[in-house]
Amino acid sequence: MSTATLIIQKVPLFGRMFNVDTKNGLEDINSWPALITMTSFVWLVIAALLGLLMPVIQYYGLNTNLFYTSLTLHGAAMAFPFAFQLMVGVSLHRAGGCLGKKANGPLVALFYICMNVGALLLTLAVLGGFKVTYTVMFPLPVVGVQTGQWSMEMLILGFSGIALVLISMIFLYPIQVLRMLFFSEKHENLVLSPRTLKDPGMLGMLIAVLILLITGLPLMSVATPILLALYGILPMSMVTWAVEPVVFQFVFYIFAHNLMEAMAIMIVSAVYGTLPLYLADGTRKLYSDKLANAALWILLVTSLTSFFHHFYTMFPALPSTFSYHGNIMSWGTGLGGAFTIFTILATIWKHGVRPEPGMIMILAGFVIYVLDGVTAMVVANVALSFHLHGTMWTGGHAMTVLLAMSLMWMGVLYHHYPVITGRSLDAGRGKSSIKYYFFGGVGLMYAFMAGGASGMPRRIANWTEGGYMFIGILILIFGLMLAYGIILYLANLSKSSEISLD
Amino acid sequence: MLDFIYTDGWGAFAVMLFFQIPFLFFFIRIVYRKAYKNTGASETDPQKYPLLEGIWIATVVALFVLVNVLSVVYMPPVTTAAMIKKGGDFQEVNVTARSWFYEISNREYEVGRPVIFSAKSVDTVHGFAVYHPDGRILFTMMLMPGLEEASTLVHTFTEPGEYKVRCLEYCGIVHHGMQDVLIVR
Ligand code: HEM
Ligand SMILES: [Cu+2]
């Protein structure tokens, strides 16, 4: 039995949900993805509790430090060890079953260790005072030490954690996927649903990991010397270029923006891969592979340089030409989205669709994803950005895109689940989990956007004083709905029943 | 109406709904129909799809272009550059931001006389957002430390009153306390 299977069996509560089927001969593609996915849900539960805690802290006017601690942990846990890790778990399983390649081995184990140990170290640092939010806000980590907000030790601990997480996302996962796509040995018995790089469902995977690798390199080139200097290995005088705020901020957002875009391309390609399996008339084809691929290429090309939208309000330090460019490219991403919408609708119109829970989850997530895309385009307009940047609008956009993509992955997981565990899920419970997650997620999105529209700053610990508590109450209500949807989803996994052989 | 759309947060909200509502309507309708009502293959003539595709993409592109082109005259980089080029009787204001307060060379301005705000941060990234007395954000600036050039913006106040200033870039544990007030007479 594989190590991953054994670990899963030992974990209380969550172990039951992901107990791997050891009899079907597919452990090589099942066990590590199951462990990775299971762990991502552990982080989700912790992070969701922190999410609910934030409006409660504000309502009762508790210590402001408590709010910033929850904010940093919630954002970081949701983005990396939950959303990204969930993507890794399910997409490795997809890659394994589509290509007939093993989804285990040293790189996968190393990914798992780096991601989770890294996230754990960062968590400890945040609990020790390192409240910098999940976007780091460089040079805040250093300024915070100088102004006595947290200690040098916590800065080093936090940066070490972040470095491990970045290594797992920028190197380990992409290299593992590239290995599976091009190099490692094919096993016919592992092929469940054969696909090649010509399929949109596979092409997106390649594009996404290349984006991670390539746009991550500059960030790693800047972060590595800084970390070495913090450890005392390099003299500080050698890294002055790297700690220049504008240098760090640019390499950071070139990566961070494209990270989100890579995750989007990855999930869109998974949707392209899964939708054809649920067509009502039995055709297993998209309306047009060409159009689907065109959407992926448009998303790739436009996303690369649209990161400028993070910096419009620096004018004129960001020359206006880059602002216009960022504006155009960001809306170009929307054009990629329009192609995707057409492909999905035309496919469904042409062939009908079987409304099974996994498929509805994917479509519901896609709806939130498109709604969020609109909010993103709106703030990416230069004129509007000057009224919205740094408000709840931008925070809400980051959160909504992640929760939309996660819902789609939960749908894809729903589809893979019987293969991984040999057990089947209850459709009724599946459908009600979608309902709560969907309305909770959409409600959260509109609450955040309404906050942004009324000028509510993101990341402030005094909602009441600013007169924004009304938005806070909405966040709590819709947050509870979303959380209930998550509980139903997990309860469904936990109560799944053996698929009988006859 | 364009003023409302491009200078008020709720205008942005309206633009958002303008795109979201038709999407929600069509997407949910089509999926619902093909999932529950009439689930088989549809009889639509295959020739029709490319036409629909063309109409859809053309509509999207046209709307995207329209929304952005109409916004150009409201873009602060555009208006600021134009005002500075034109010259005139400006009130010059220097802002220095540090954790967690502002040094502002002059906090009182006249109605109708353009103000040039030049703002810098000396420690971490801060924001400088000016709120209308009714609560909406007139503009926000991001102040990145270490830059030669100050973030600069020209704004002409049209009504007297007390205008709140807030930092919109998270800058540490007293970020929420980073506020100030400007007076327009
Ligand atoms: C369980 C219900 C949830 C509640 C009540 C909730 C609540 C919140 C709140 C209050 C904020 C802080 C807003 C601010 O002041 O800037 C926030 C930020 C955020 N949330 Fe959530 N959230 C929930 C679920 C999620 C989910 C499912 C995800 C992602 C999959 C997510 C990702 C984020 C991110 C990335 C941020 C930004 C953090 C930052 O700006 O530093 N949240 N959330
Ligand atoms: Cu500040």
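This passage describes the surroundings of ligand 1 in chain A, a sheet in chain B and one further residue of chain A in a predicted model. Because the model is predicted, local features need pLDDT of at least 70 and side-chain atom pairs count only at pLDDT 80 or more, whereas totals for chains, interfaces and linings use all residues. Residues are numbered from 1 along each chain as its sequence is written, chains are lettered from A and ligands numbered from 1 in the order in which they are written, and side-chain values use heavy atoms, with hydrogens and water left out.

Ligand 1 is surrounded by 22 residues, of which A:His74, A:Met78, A:Met399, A:Arg458 and A:Arg459 are the closest; a residue is taken as near the ligand if one of its heavy atoms lies within 4 Å of it. By class, this shell holds 15 nonpolar, 5 polar and 2 charged residues, where Ala, Val, Leu, Ile, Met, Phe, Trp, Tyr, Cys and Pro count as nonpolar, Asp, Glu, Lys and Arg as charged, and the others, Gly among them, as polar. At least two shell residues each come from α3 (27-59), α4 (64-99), α14 (392-421) and α17 (469-494) of chain A, and α4(A) gives the most, with 6 residues. Helices (H or I, at least four residues) and strands (E, at least two) are DSSP runs, numbered from the N terminus.

Polar contacts, defined as pairs of N or O atoms within 3.5 Å (within protein, one must be able to donate a hydrogen and the other to accept it, and residues adjacent in sequence count only if both atoms are side-chain atoms), involve three of these residues. A polar side-chain atom of A:His74 lies 2.8 Å from a nitrogen atom of ligand 1, while a polar side-chain atom of A:Arg458 lies 2.9 Å from an oxygen atom of the ligand. For A:Arg459 the contact is made by a polar backbone atom, at 2.9 Å from an oxygen atom of ligand 1.

In chain B, an open sheet of 5 strands with mixed pairing has the order β3-β9-β8-β5-β6. Because β3 (108-109) and β6 (137-143) stand at the edges with a single partner strand each, one side of each is left without a neighbour in the sheet. Strands are said to pair if DSSP finds at least two bridges between them. Strand β5 (residues 126-131) pairs with β8 (residues 161-166) in the antiparallel sense over 3 bridges, and B:Ala129 stands opposite B:Arg166 in β8(B). On joining β6(B), β5(B) again runs antiparallel, over 6 bridges, with B:Ala129 opposite B:Thr140. These two strands form a hairpin with 5 residues between them, and B:Gly135 in the turn has a positive phi of about 105°.

All 6 of the 6 residues of β5(B) are buried (under 20% relative accessible area, against over 50% for exposed and in between for partly exposed, with a 1.4 Å probe and protein chains only), so the strand is largely enclosed by the rest of the structure. B:His126, B:Phe128 and B:Val130 point one way from β5(B), and B:Gly127, B:Ala129 and B:Tyr131 the other way.

In chain A, A:Ile360 lies in helix α12 (residues 357-379) and is partly exposed, with a relative accessible area of 22%.
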